[in-house]
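Biologist: Please take a close look at one part of this model for me: the enclosed space inside. Then tell me what surrounds it.

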Amino acid sequence: MHFNLVFEGGGAKGAVFAGAMQEFERQGHTYGRLLGTSAGAITATLLAAGFSAAEMLAQVNEKLPDGSPRFSTFMDVADSIAEADWENSVLFKLFKQIDWPFVPESAERRMDDYIFKQFMQMKIYRLLFTFLELGGLYAGNAFLEWLREKLDLNGRNLGQATLAEFYEHTGKDLNVVASNITDGGILVLNHRTAPNCPVAWAVRMSMSIPFVWQEVRWRQEWGTYHGRDITGHAIVDGGLNSNFPIRLLISRSPDVIDVMGPHDGTFALGMLIDETKPVANSQIGDTVAESPAAVEIKGLPIVRRVSNLVNTMTNAYDKTIIDAYKDGVCRLPAKGYETTDFDMSDARVKALVAAGEQTMREFFLAFKLKS
């Protein structure tokens, strides 16, 4: 059969999609429109770029020279903070209010600059600074580099492509969901609404889980969104508005057609990450060794709180639409896995992928019986 596909957001749990797509391909199905939020946007983009399920699985299993998962680099603390960012920050303004005893006022400015620059040399301080001032603990640069690299892989040369160029090159109708927190609206990024926005940046915005990754500011060179100038607006994870945006593929309402174009009549298949469904052989206690720096950062109370908040936030979805369209939703198991588990062991990845494959097989068996 031929399907339009939508993938839910879920961070590291998105590895389950690689298993689901292996079974999808094995059964000979094909896909047209692709839609996703956050981790789902990554999956949709790789598929639109022509990645097979096996190629996607290879990326999931990619390792660094020391044997740790490449995905673990996505939790990257900024190497540096732009001087303009820290000079205009609230933290620096508060710091300048300190009255240094016995220091002439003329020298205080130089002292403030020097001390603050020393703070910026500390990795943990940069982590806290980006969290408080730039919207997230991690820079997101490693992810952006990774995605561009994958989009250029094997001669694809799509790493720098805009959404319009991507569509022209691949012919695939790719749609990525993000959230504009400046005006509170949803962004459906595709070749119609944001033709000049780079694909890699569209996905980077979609996966910017608040407080985890730095928010992205819309750049003037990306043009307008749906004819509207949103230069300077703060853009974050699409899950704030729609973590499982299947409505965009099944609705024929004017507001949906406005951003998606006319409904093409193709059956929409949604892949939803279900944290209530157990994963066989997940070996919950099996973890990889982490560097002392990573352990130190993860041990910070603020990091633990953010991780818990993210897991709660991304578990929310539109139950009304899902229940009404339940025959078109494949619930992929992910119990015991967390959104930020980017350093999970090979055994846990393998179990999650296998669970996705098995669940998709069972879904299509039931689907055929209902048809």
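Modeller: I will start with the cavities and then follow their lining outwards.

The model is predicted, so local features need pLDDT of at least 70, side-chain atom pairs count only at pLDDT 80 or more, and totals for chains, interfaces and linings use all residues. Residues are numbered from 1 along each chain as its sequence is written, and side-chain values use heavy atoms, without hydrogens or water.

The structure holds 2 cavities of 30 Å³ or more. A cavity is a set of points on a 1 Å grid over the protein atoms alone where a 1.4 Å probe fits but cannot get out; lining residues have an atom within 4 Å of a point. Volume is the space filled by probe spheres set on the points, which are joined across faces, edges and corners.

The largest cavity holds about 280 Å³. Its lining has 21 residues, with Gly11, Gly14, Ala39, Ile42 and Phe71 nearest the centre. Helices H1 (16–26), H2 (39–48), H3 (53–60) and H8 (141–152) each give two or more residues to this lining. Helices here are DSSP runs (H or I, at least four residues) and strands are E runs of at least two, numbered from the N terminus. H2 gives the largest share, 4 residues. By class, the lining has 16 nonpolar, 5 polar and no charged residues. Nonpolar covers Ala, Val, Leu, Ile, Met, Phe, Trp, Tyr, Cys and Pro; charged covers Asp, Glu, Lys and Arg; the others, Gly among them, are polar.

The second largest cavity holds about 110 Å³. Phe71 is one of its lining residues, alongside others including Ala12, Lys63, Asp341 and Asp346. This lining does include charge: 3 charged residues, with 8 nonpolar and 1 polar.

Now look at Phe71 itself. Phe71 has a relative accessible area of 17%, so it counts as buried (under 20%; exposed is over 50%, partly exposed in between, with a 1.4 Å probe and protein chains only). The ring of Phe71 is stacked with that of Phe74, at 5.1 Å centre to centre and 25° between the planes. Rings of Phe, Tyr and Trp (its six-membered ring) pair if their centres lie within 6.5 Å; planes under 30 degrees apart count as stacked, over 60 as edge-to-face and the rest as tilted. Phe74 is buried too, at 3%.

That pair belongs to a wider set. The whole structure has 22 aromatic pairs. Phe363 and Phe367 form a stacked one, 5.8 Å centre to centre with 25° between planes. They sit 4 residues apart in helix H17 (residues 346–370), about one turn of the helix. Phe363 is buried at 11%, and Phe367 at 10%. Phe363 and Phe367 also belong to one aromatic cluster with Phe3, Phe24, Tyr31, Phe267, Tyr325 and Phe364.

Last, Val279, in the loop between S9 and helix H14 (292–298). Val279 is buried, with a relative accessible area of 8%. Its C-alpha atom is 19 Å from that of Phe24, a residue 255 places away along the chain. Beyond four places in sequence, Val279 touches Pro333, Ala334, Lys335, Tyr337, Ala351, Leu352 and Ala355 (contact means heavy atoms within 4.5 Å). Arg348 lies over the face of Tyr337, 4.0 Å from the ring centre.

Definitions and conventions. On a 1 Å grid over the protein atoms alone, a cavity is a set of points where a 1.4 Å probe fits but cannot get out, and a pocket is an open set with protein on both sides within 12 Å along at least five of seven lines; lining residues have an atom within 4 Å of a point. A charge sits over a ring if NZ of Lys or CZ of Arg is within 6 Å of the ring centre and within 35 degrees of the ring normal.
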